[in-house]
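Student: I should like to take a close look at a single part of this model and then see how the rest of the chain is arranged around that part. Please treat the matter in one connected answer.

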Amino acid sequence: MTFPFLNGGGKREQVFAIDLGSRTTKAVLLDRQTEGFTLSRFTVQDAPIYDKALPHGLLTEHLSAIVTAMQPKTRQVTIAIGASDSVLRATELPLMPLHEMRQMLKFNAKNYLQQDLRDYIFDCYIVPPQGKPQGEPMKTGVVKYKVWVGGIRRELLLTIEASVKGAGLIPANVTLSLLGPVNALEFSQPDVFAKEAVALVDLGFKTSSISILADGELCLSRSMELGGDRLTAGLAEAMNITYAEAEGIKVGMPQEVESHLQPLVAPLGRELRASIDFFEHQREKTVNKILISGGPARSEYLLQLLQTEMGVTCKAWFPTQGLKLSLSPQQMTEVEQVSSILTNAIGSAAMSLS
Ligand SMILES: Nc1ncnc2c1ncn2[C@@H]1O[C@H](COP(=O)(O)OP(=O)(O)OP(=O)(O)O)[C@@H](O)[C@H]1O
Ligand SMILES: [Mg+2]
């Protein structure tokens, strides 16, 4: 699913994508080969720390460091914006040209998206109606179509555009991290994407997201302000220790503090359960897989806690397993460790391939 807030277009030999997370920035390079694409380099670096609005200079400096680590041949870059700075909503709209749809949302966001998003820039994806033969034109006028609307704060988009240029790059696409897992699944496991009902959960630092897909269609997307940061901060408070100590315990020996972690993970389990119940009721289909990505998904123990909360098997997933790899020997040994963290960067790169 493509959301080109800025779109360079054209078939690319190499795709360079950066996922701007609130804790870590991830970048990947995909190179075109005779058949398909290969992952040739990646990096995971600490995100810049700032107070409220991200200063342009700081982001330029950060992106320059990413360029140094990645040594891309291409100057074109795809940037994925995190869930804290973007929205993704489904709505119903009459069919009209995309630019008109975007204008209409700009002035009536509250009506269509139930939220006052005055300073946002929107892009839309019109879901082709089910059962309609390929190639048959959609009807304009009063018939309403399901539309996924993506929005990014205008000020942030401008900062990103300026910083990307400042780092010597061309902002070819800007997309939403929220779509990363969906696009990554389509890219790395096309059969599962096309035929199964799957819940994709991306656990981050500040936020986590839930996407439910059935037969290749995105049916539900939710994000919540709960991630690794809340777990660590909650643990620090409950145990009366520092944040750094709590982080060490969370990563190193979470089984020792289950009674503190369980109530912190519970709201995520409840939200996930509610989303799955809603989907299953509406679509009369059963979600048969929950695939988890992001930093906290590295913890087998946290996945176990979530699974107990949910009563459904929760597994970390590794989008690099479906890809051809032409990494350096050093990165070859590291890739398994970071694979699930690279999900959104890989999904964003995959989105920019055509
Ligand atoms: N082995 C581990 N066990 C538990 N938590 C972990 C582990 N490794 C990383 N984390 C947690 O993952 C979090 C960072 O995840 P990630 O890098 O995916 O976030 P982000 O993408 O920057 O954030 P966001 O998606 O909210 O913008 C941190 O809170 C960290 O504590
Ligand atoms: Mg993230």
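Of the six residues of strand 4, how many are buried, and what follows for the strand's place in the structure?

Tutor: The model is a predicted one, and the answer below describes it as such. Five of the six residues of strand 4 are buried, so strand 4 is largely enclosed by the rest of the structure. For this purpose a residue counts as buried if 20 or more other C-beta atoms lie within 10 Å of its own.

The sheet around strand 4 comes next. Strand 4 covers residues 76–81 and belongs to an open sheet of six strands, ordered 8-4-1-2-3-14, in which the pairing is mixed. The edges of this sheet are strand 8 (170–176) and strand 14 (324–325); each has a single partner strand, so one side of each is left without a neighbour in the sheet.

In that order, strand 4 stands between strand 8 and strand 1. With strand 8, strand 4 pairs in the parallel sense, and six bridges connect the two. Two of the residue pairs can be named: glutamine 76 has isoleucine 170 of strand 8 as its bridge partner, and isoleucine 81 has leucine 176 of strand 8. With strand 1 (residues 14–20) the pairing is likewise described as parallel, over four bridges. There, alanine 17 is matched with threonine 78 of strand 4.

Strand 8 deserves a separate remark, for it is an edge strand. Six of its seven residues are buried, so strand 8, too, is largely enclosed by the rest of the structure. A helix lies across this part of the sheet: helix 3 (residues 154–166) crosses strand 4 and strand 8, and runs at about 145° to strand 8. Helix 10 (residues 329–338) also packs on the sheet, where it touches strand 3 (37–46) and strand 14, its direction making about 70° with that of strand 3.

One may now step back to the chain as a whole. It is divided into domain 1 (14–189 + 319–351) and domain 2 (193–316), and the centres of the two, taken over C-alpha atoms, are separated by 22 Å. Between them, 21 residues of domain 1 are in contact with 20 residues of domain 2. On the domain 1 side of this contact, helix 4 (180–188) and helix 11 (343–351) are the elements that give two or more residues. Helix 4 gives the most, with five residues. By class, the domain 1 side comprises nine nonpolar, ten polar and two charged residues.

Helix 4 leads on to a second sheet, since it lies across strand 9 (197–203), strand 10, strand 11 and strand 12 (289–293), at about 125° to strand 9. That sheet is open and has five strands in the order 11-10-9-12-13, with mixed pairing. Strand 11 (217–224) and strand 13 (314–316) are its edges; each has a single partner strand, so one side of each is left without a neighbour in the sheet. From one strand to the next, the twist averages 20°. Strand 10 (residues 208–214) and strand 11 run antiparallel and are joined by seven bridges, and serine 208 has methionine 224 of strand 11 as its bridge partner.

Beyond strand 11, glutamate 225 is found in the loop that leads to helix 6. With 13 C-beta neighbours inside 10 Å, glutamate 225 counts as partly exposed. Residues up to four places away in sequence aside, glutamate 225 touches Lys206 and Thr207.

Finally, there is the ligand. Ligand 1 is surrounded by 24 residues, and the closest are Gly21, Gly204, Gly228, Gly295 and Ser299. At least three residues of this shell come from each of domain 1 and domain 2. Helix 6 (228–239) and helix 7 (243–252) each supply at least two residues of the shell. Sorted by class, the shell has six nonpolar, twelve polar and six charged residues.

Terms used: Residues are numbered from 1 along each chain as its sequence is written. Chains are lettered from A and ligands numbered from 1 in the order in which they are written. This is a predicted model: local features need pLDDT of at least 70, side-chain atom pairs count only at pLDDT 80 or more; totals for chains, interfaces and linings use all residues. A residue is near a molecule or strand if its C-beta atom, placed from the backbone, lies within 6 Å of it. Ala, Val, Leu, Ile, Met, Phe, Trp, Tyr, Cys and Pro count as nonpolar, Asp, Glu, Lys and Arg as charged, and the others, Gly among them, as polar. Domain bounds come from an automatic or database domain assignment. Two residues are in contact if their C-beta atoms, placed from the backbone, lie within 7 Å. Two strands pair if DSSP finds at least two bridges between them. Axes are lines fitted to C-alpha atoms, for helices over the stretch in contact, and angles run from 0 to 180 degrees between N-to-C directions. A residue is buried if 20 or more other C-beta atoms lie within 10 Å of its own, exposed if 12 or fewer, and partly exposed in between; C-beta atoms are placed from the backbone.
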